[in-house]
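Work through the following exercises with the sequence and the model open beside you. Try each task before reading its solution.

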Amino acid sequence: MMDLTLFGKQSETSRLKALHNDGRMPHALMLTGERGIGKKMLARWCALLMMCENGAEAPCMHCRTCNNIKNDDHPDVIFAKGEKYSADRIREIVQQTALFPNDGDLRVIIFEDCDEMTEIHQNLLLKAIEEPSKYNRYIFTCENTDAVLPTIKSRVVTIPLSEMSNPDCVSCLVAKGVPEQEATKYIFRLGKNPGKILEIIKDKKKIALQESAEKIAQYIADENEYDTAREFSGYTDREELFGIISALYDIVSRALLPDYEGEGAVKRLKENLSLKKLYAVTRRIEELNSCSDYNVNAKVFAAYCASQLFDVIA
Ligand SMILES: [Zn+2]
C-alpha cells in the first residue's frame with residue numbers, strides 16, 4: 001500500500017478541501033513546482049479527496065475507494081503517462097472520457113510530468129478538457145509550465161506548491177528512513193527538496209553497493225573468506241544485501257566469458273579461480289539471490305552469504 005502521508009502541504013490541502021467542500025472543485029487542476037517537492041503525491045491525494053465515499057471527511061483514507069486508490073488499484077483513477085506519453089495512449093484516454101466511470105460517478109485522470117507531453121499530445125487532449133464534464137476530473141503535475149500550451153493552461157486551475165519549511169522537509173526525509181542529522185545536512189547543501197535529496201542518496205547508495213560487490217569479488221578471487229564476511233557484515237539492510245548480490249552476480253558472470261579479459265575484480269577472478277569454481281560461485285550467487293523472496297533476518301543472511309560462497313570454493 002502506498003504511503004500517502006503529505007509533508008508541508010497544509011496550505012495546498014486546506015485550499016483544495018475548501019474547494020471540494022463548497023462544491024467548487026474545478027474539473028481540471030494543475031499542480032506546479034520544482035521536481036521532488038511532492039506534486040505526484042498531492043495529485044494522488046486530490047484523487048482521494050474527490051472520490052472518497054465519506055463526503056465531508058474526505059479523504060478519510062479508510063473507505064473502500066480510498067483504500068483502492070492507495071493500493072493503486074482503482075479502475076477510475078487513470079495514470080496517463082505510463083512509461084512515456086504517446087499519442088495512442090492519449091487518444092485511448094480521450095475515448096474513455098466519453099464513457100461512464102466503472103465504479104462510482106467520477107473518473108480522475110492524472111497527467112504526471114505533463115510538461116513531457118508534446119504539442120501534438122496536448123492538442124489531442126484539448127477537446128476533452130475544454131468543457132467541464134460531469135464524470136471526468138483532470139489533474140496535471142508540471143515543473144516547467146512553459147512547455148504547456150496556453151490553450152491548456154487557460155482551462156486548468158493552477159495550484160503552485162509552496163516551498164517546504166525546514167522541519168517539514170526533515171520530517172519527510174526521516175519518514176523515508178534518512179537519519180535526522182543526515183537530513184539536515186543534505187537540506188543545508190541541496191535545499192528543501194526531499195525528492196531531490198532522496199534521489200541523490202539512492203545514487204550514492206548504489207555506488208557504495210557496487211564498490212562493495214567489487215571488493216567482495218576480489219576477496220573471493222583471493223579466497224579470503226574473512227574479509228568477505230567482514231564486508232557483508234557491514235550491511236544490515238535486506239535491500240542493500242540483495243543489491244550487493246546482484247552486483248556481484250554481474251561481476252562473476254562477466255568473469256565467465258571466455259573472450260573477455262576484464263579488469264579489476266573480473267580479471268582477478270579469471271586469473272585465480274578455475275572455471276569450475278567460477279561456475280560454482282555463480283550458481284551459489286543465483287541461489288542466494290532467490291532468497292530475496294524469503295523473510296530472512298538481514299544480519300543472519302549477511303553471515304550466510306559469505307559462508308555459502310566459500311563453501312563452494314574451499
Ligand atoms: Zn475515503
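## Exercise 1: The strand β3 and its neighbours

Strand β2 (residues 77–79) and strand β3 run parallel and are joined by three bridges, where strands and helices are DSSP runs numbered from the N terminus (E, at least two residues, for strands; H or I, at least four, for helices), and two strands pair if DSSP finds at least two bridges between them. This is a predicted model, in which local features need pLDDT of at least 70 and side-chain atom pairs count only at pLDDT 80 or more, while totals for chains, interfaces and linings use all residues. Residues are numbered from 1 along each chain as its sequence is written.

Task: Find which residue of β3 stands opposite Phe-79, and follow the chain from β2 to β3.

Solution: Begin at Phe-79, which stands opposite Ile-110 in β3. Then trace the chain from β2, which crosses through helix α4 (residues 87–96) to β3 in a right-handed β-α-β crossover; right-handed means that, with the strands pointing away from the viewer, the path from the first strand over the helix to the second runs clockwise.

Task: Describe how β3 is joined to strand β4.

Solution: Five bridges join β3 to β4 (residues 136–142), and these two strands run parallel. Within this pairing, Ile-109 stands opposite Tyr-138 in β4. From β3 the chain crosses to β4 through helix α5 (residues 119–130), and this β-α-β crossover is right-handed.

Task: Decide whether the faces of β3 are covered or not.

Solution: Take the strand as a whole, residues 107–111, and note that five of its five residues are buried, a residue being buried if 20 or more other C-beta atoms, placed from the backbone, lie within 10 Å of its own, exposed if 12 or fewer do, and partly exposed in between. Next separate the two sides: Arg-107, Ile-109 and Phe-111 are buried on one, and Val-108 and Ile-110 are buried on the other, so that both faces are covered.

## Exercise 2: The surroundings of His-20

Task: Locate His-20 and explain why His-20 is partly exposed.

Solution: His-20 is found in helix α1 (residues 10–21). Counting around this residue gives 18 other C-beta atoms within 10 Å, and His-20 is therefore partly exposed. Leaving out residues up to four places away in sequence, His-20 touches Met-25, Leu-49, Met-50 and Ala-58, where contact means that C-beta atoms, placed from the backbone, lie within 7 Å. Finally, His-20 and Leu-49 are 29 residues apart along the chain, while their C-alpha atoms are separated by 7.6 Å.

Technical notes. Contact = placed C-beta atoms within 7 Å.
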